[in-house]
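Here is a short report on helix packing and nonpolar cores. The sequence and model come first.

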Amino acid sequence: MIAEKTTQAFQWTYNENDQEFALHGSLRPQNAEELSGCISELEHSVANVSGKFYVNVRRLVRMNNVAFQAFACKILDLVHGRSDLNVHVTTSSVVGWATRKFAVLETMSDKITVSEYDSEFYPGQSFVEDSEFIHVLRTQTKLTWHHEKDLLRKHGLKPGMQVADICCGIGDFAVLMQKEFSPDRLVALDHSKSSLDYARQVAADFGIKGIDYVFGDAADMLLEDDQFDFVTCRHSLQVFDRPELILKELFRICKPGGRVYVSNEKNSHCLGEPRGESIQWTYNEVAKLWHHFDMDIEIGPKSRRLMLEGGFEDVTIGSFMVTSTDGDPQGFADVIASWKNLFAGKMASERGDDAAFVERFAKGFDDHIFAALHPKGYAGWPIWVASGRKPL
Ligand SMILES: C[S@@+](CC[C@H](N)C(=O)[O-])C[C@H]1O[C@@H](n2cnc3c(N)ncnc32)[C@H](O)[C@@H]1O
């Protein structure tokens, strides 16, 4: 049974099956009395359960100290004198200080546990949230844009649309779309604070207006249903351990009749000559390395199936190859160098790879760079693009 209550700015839900009391919205009461209805519902819900009871505040977008105090005291009160009850609080990094504040409860009672939803949910997130990753994204988009500019048109992006770029990273793709397609509205969402800071700074430095950069979880967005004509999500289903969850959200925020556009890689298909064998070996290992961190850098050709299973119609898929002969071979080499840095650096060391492996692994990237810069060489990085329409 699910009970739902609402006041103007926030709502609460009690799910009896999951023994979970969840708060949503903006919780900023002037005084504790404003919360009395919600708190008494919480008490009432707990009275009828034993075992683990969940208090979920991860869908709050704001919470002030009055609310924190009221809920923290009530949670302590609930476990007091109840040997049959434990409370688990789930926070989110959306309300930045919530985890730190609620974590104090763990020190006050061994019957209370606290965890941050996001950090448990994204095994590979620490790599892509790292500010080092900014360099990777910057160099990549430089090379892919001249392919994608035309592809976006073919997949249905037109000037004046309501557009969202989900998992926008450092926001350069949003900036390029803004300049090329002048959307009526452009929302760019990501879960990485360092990337969003960077994106906002770039927009401010270059006087780019009209992009609404928002922090959020792509698998559980606070954006409303049926809002956007065109939703993009580039290279991101592959960094998430449950891509179908993000796709479901992309579908939800897209207007009926609108389109969702995703791009993904299949890294093991990166290629180059000369030194093809070493290159091939390394990129097969890249796929295994990502898999170790629950990410699938091989998603590219699977995008069609994911979209069809996600309820999209008129699904179109194609691929393009970024190559060392597209323009400046050094640009291509820079992308590979940024991958080498991250994959054969932090990621390999975190997996515990030994020195001999790392040396061979790194060599494949060096060989890919060698192929890209060789006067008679050729190096490639394939990308799959798929889009689908949300049924009317
Ligand atoms: C490989 S990057 C791609 C960024 C950008 N779309 C691009 O193509 O340059 C993946 C991005 O997805 C973001 N991301 C991954 N999971 C997310 C989630 N659940 N919610 C929001 N952002 C997420 C990461 O923070 C990162 O910026």
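In this predicted model, helices α6 and α12 are roughly antiparallel to each other, because their axes cross at roughly 155 degrees and angles over 145 count as roughly antiparallel. The two axes come within 9 Å. The crossing is left-handed. The table gives the residues on each side of the contact.

| Helix | Span | Contact residues |
|---|---|---|
| α6 | residues 133-154 | Phe 133, His 135, Val 136, Thr 139, Gln 140, Leu 143 |
| α12 | residues 329-351 | Gly 331, Phe 332, Asp 334, Val 335, Ser 338, Trp 339, Leu 342 |

Trp 339 of α12 is part of this contact. Which residues does Trp 339 touch, leaving aside those up to four places away in sequence? Val 136 and Gln 140 are among them, and both also belong to the α6 side of the helix contact. The others are Glu 265, Asn 267, Cys 270, Tyr 283, Ala 344, Phe 365 and Trp 381.

Trp 339 also stands out in the largest nonpolar core, which has 61 residues. Along with Leu 152, Tyr 213, Phe 343 and Phe 365, Trp 339 touches the most other members. Helix α12 supplies the largest share of this core, nine residues. Another core lies apart from it and holds 33 residues, including Phe 10, Ile 39, Val 55 and Val 89. In soluble globular proteins, nonpolar side chains tend to be buried together.

One annotation remains. An unreviewed UniProt entry marks residues 158-266 as "domain: Methyltransferase". In the model, that span is 31% helix and 32% strand. Its end C-alpha atoms lie 28 Å apart.

Methods
Residues are numbered from 1 along each chain as its sequence is written. This is a predicted model: local features need pLDDT of at least 70, side-chain atom pairs count only at pLDDT 80 or more; totals for chains, interfaces and linings use all residues. Side-chain values use heavy atoms; hydrogens and water are left out. A nonpolar core is a set of buried Ala, Val, Leu, Ile, Met, Phe, Trp, Tyr and Cys residues joined through side-chain atoms within 4.5 Å. Buried means under 20% relative accessible area, exposed over 50%, partly exposed in between (1.4 Å probe, protein chains only). Helices (H or I, at least four residues) and strands (E, at least two) are DSSP runs, numbered from the N terminus. Contact means heavy atoms within 4.5 Å. UniProt positions are given in the numbering used here, feature names are shortened, and annotations may be inferred rather than shown by experiment. Axes are lines fitted to C-alpha atoms, for helices over the stretch in contact, and angles run from 0 to 180 degrees between N-to-C directions. Angles under 35 degrees count as roughly parallel, over 145 as roughly antiparallel, 65 to 115 as roughly perpendicular and the rest as oblique. A crossing is left-handed if the near helix is turned anticlockwise from the far one by less than a right angle, and right-handed if clockwise.
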